[in-house]
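Visitor: I should like to learn how to read a structural model feature by feature. May we begin with the surroundings of a single residue?

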Amino acid sequence: MLKSLLSFAAGYELFGRMLGGPAGRVKFARDYVKPKSTDRVMDIGCGPGMMVPYLHGATYVGFDASPEYIDAARAHYGDRATFVCDRVSTATLDAPGSYDIVLACGVVHHLDDDEAKTLFEIAMAALKPGGRLLTFDGAYVQGQSRLARFMISRDRGQFVRRAEEYPRIARSVFKDVRMDVRGDFLRIPYTLAVLSCTKESA
Ligand SMILES: C[S@@+](CC[C@H](N)C(=O)[O-])C[C@H]1O[C@@H](n2cnc3c(N)ncnc32)[C@H](O)[C@@H]1O
């Protein structure tokens, strides 16, 4: 029931707001993305575009495979951002080597290891030297509360991992990968692995 509600953009946005998602996105933007208005940002699996308000007017292109999510994104933010309904691949990248920031928020846990590696390769190809990929995904960690573990286990993503598994995959593509484990992004007990991956400067 909840999973089918979340497949609708309005249900996904409402559920996110109820759980305190906007405050978590403020923290994610402040502590990790640190966007500047002059940045070019690509958002892989952008959903209904819920990161747009937190990017300080940076130039933004969001990609998502879901027409429903892209329609909602265009309705809310089409005046200040570009949205493309497509699965991104290295072959279809609009502007390789031109992005300061790539985001993939809550996407990697929907992908198996090979697909996740491909996402990191796409981000690497999209970024300028010195550019950064930022991701966050639900994660299992030792000592986590039972409630957090339960909530994470109910996620729609089929590939929720132990926290250390996310940087392991990222390091097959990026040399510089840092991970923080955060439990303060949502109003409910929920553990997120946040990755910051930097492309080497030329
Ligand atoms: C949990 S939603 C996250 C949405 C959004 N990033 C957010 O922060 O609210 C995961 C999204 O990833 C999209 N997705 C998964 N794999 C994708 C791919 N290869 N290319 C484009 N979108 C993808 C799905 O359609 C879905 O909208």
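Guide: This model is predicted. A contact list that leaves aside sequence neighbours shows which parts of the chain are brought together by the fold; a pair counts when heavy atoms lie within 4.5 Å. Glu13, with residues up to four places away in sequence not counted, touches Pro48, Met50, Ala72 and His76.

Visitor: Where does Glu13 lie, and is Glu13 buried or exposed?

Guide: Glu13 lies in helix α2, which spans residues 9-18. The label rests on relative accessible area, and buried means under 20%. Glu13 has a relative accessible area of 5%, so it is buried.

Visitor: Which element holds its partner Met50, and how accessible is Met50?

Guide: Met50 is placed in the loop between β1 and β2. Its relative accessibility is 10%, and therefore Met50 counts as buried.

Visitor: How should separation in sequence be read beside separation in space?

Guide: One sets the two values side by side for a chosen pair. Glu13 and Asp39 are 26 residues apart in sequence, and their C-alpha atoms are 26 Å apart in space. For Met50 and His110, the separation is 60 residues in sequence and 18 Å from C-alpha to C-alpha. Asp114 and Leu127 are 13 residues apart along the chain, with 20 Å between their C-alpha atoms. Gly131 and Asp39 are 92 residues apart along the chain, and their C-alpha atoms are separated by 9.9 Å.

Visitor: Where is Gly131, and what does Gly131 contact beyond its neighbours in sequence?

Guide: Gly131 is in strand β5, residues 127-140. Leaving aside neighbours within four places in sequence, Gly131 is in contact with Asp100, Cys197, Thr198 and Lys199. Gly131 counts as buried because its relative accessibility is 3%.

Visitor: Why does Asp114 receive its accessibility label?

Guide: The upper cut-off applies here, since exposed means over 50%. Asp114 has 63% relative accessibility, so it counts as exposed. Its place is in helix α5, residues 113-126.

Visitor: Which residues other than glycine should I examine for a positive phi?

Guide: Two cases may be considered in turn. Lys34 has a phi near 45°, a positive value in a residue other than glycine. Lys34 is found in the loop between α3 (21-33) and β1 (40-44), and Lys34 is exposed, with a relative accessible area of 52%. His56 is not a glycine either, yet its phi is positive at about 50°. His56 is in the loop between β1 and β2 (59-64), and at 56% relative accessibility it counts as exposed.

Visitor: How does one read a nonpolar core, and which members touch the most others?

Guide: One takes buried nonpolar residues joined through side-chain atoms and asks which members touch the most others. The largest nonpolar core here has 62 residues, and those that touch the most other members are Phe28, Met42, Phe83, Val102, Leu103, Phe120 and Phe174.

Visitor: What does Phe120 touch?

Guide: With residues up to four places away in sequence not counted, Phe120 touches Val108, Leu133, Thr135, Tyr166, Ile169, Ala170, Val173, Phe174, Leu195 and Cys197.

Visitor: How many helices and strands does the chain have, and why may the chain be called compact?

Guide: The protein chain has 7 helices and 8 strands. Its radius of gyration is 16 Å, close to the 17 Å that the globule rule gives for 202 residues, so the chain is as compact as a globular protein of that length. Along the principal axes, its C-alpha atoms fill a box of roughly 45 × 40 × 30 Å.

Visitor: Which values describe the chain as a whole in terms of burial, contacts, surface and charge?

Guide: Of the 202 residues, 50% count as buried. Among contacts between residues at least 6 apart in sequence, 66% join residues at least 24 apart. The accessible surface comes to about 9,800 Å², and 54% of it belongs to carbon and sulfur atoms. For charge, one may compare mean positions: those of the 27 positive and 24 negative charges are 5 Å apart.

Definitions and conventions: Residues are numbered from 1 along each chain as its sequence is written. This is a predicted model: local features need pLDDT of at least 70, side-chain atom pairs count only at pLDDT 80 or more; totals for chains, interfaces and linings use all residues. Side-chain values use heavy atoms; hydrogens and water are left out. Helices (H or I, at least four residues) and strands (E, at least two) are DSSP runs, numbered from the N terminus. Buried means under 20% relative accessible area, exposed over 50%, partly exposed in between (1.4 Å probe, protein chains only). A nonpolar core is a set of buried Ala, Val, Leu, Ile, Met, Phe, Trp, Tyr and Cys residues joined through side-chain atoms within 4.5 Å. The radius of gyration is taken over C-alpha atoms; the globule rule is 2.2 Å times the number of residues to the power 0.38. Accessible areas come from the Shrake-Rupley method with a 1.4 Å probe; for residues, only the protein chains shown count as cover. Lys and Arg count as positive and Asp and Glu as negative; His and the chain ends are not counted. The place of a charge is taken as NZ of Lys, CZ of Arg, CG of Asp or CD of Glu.
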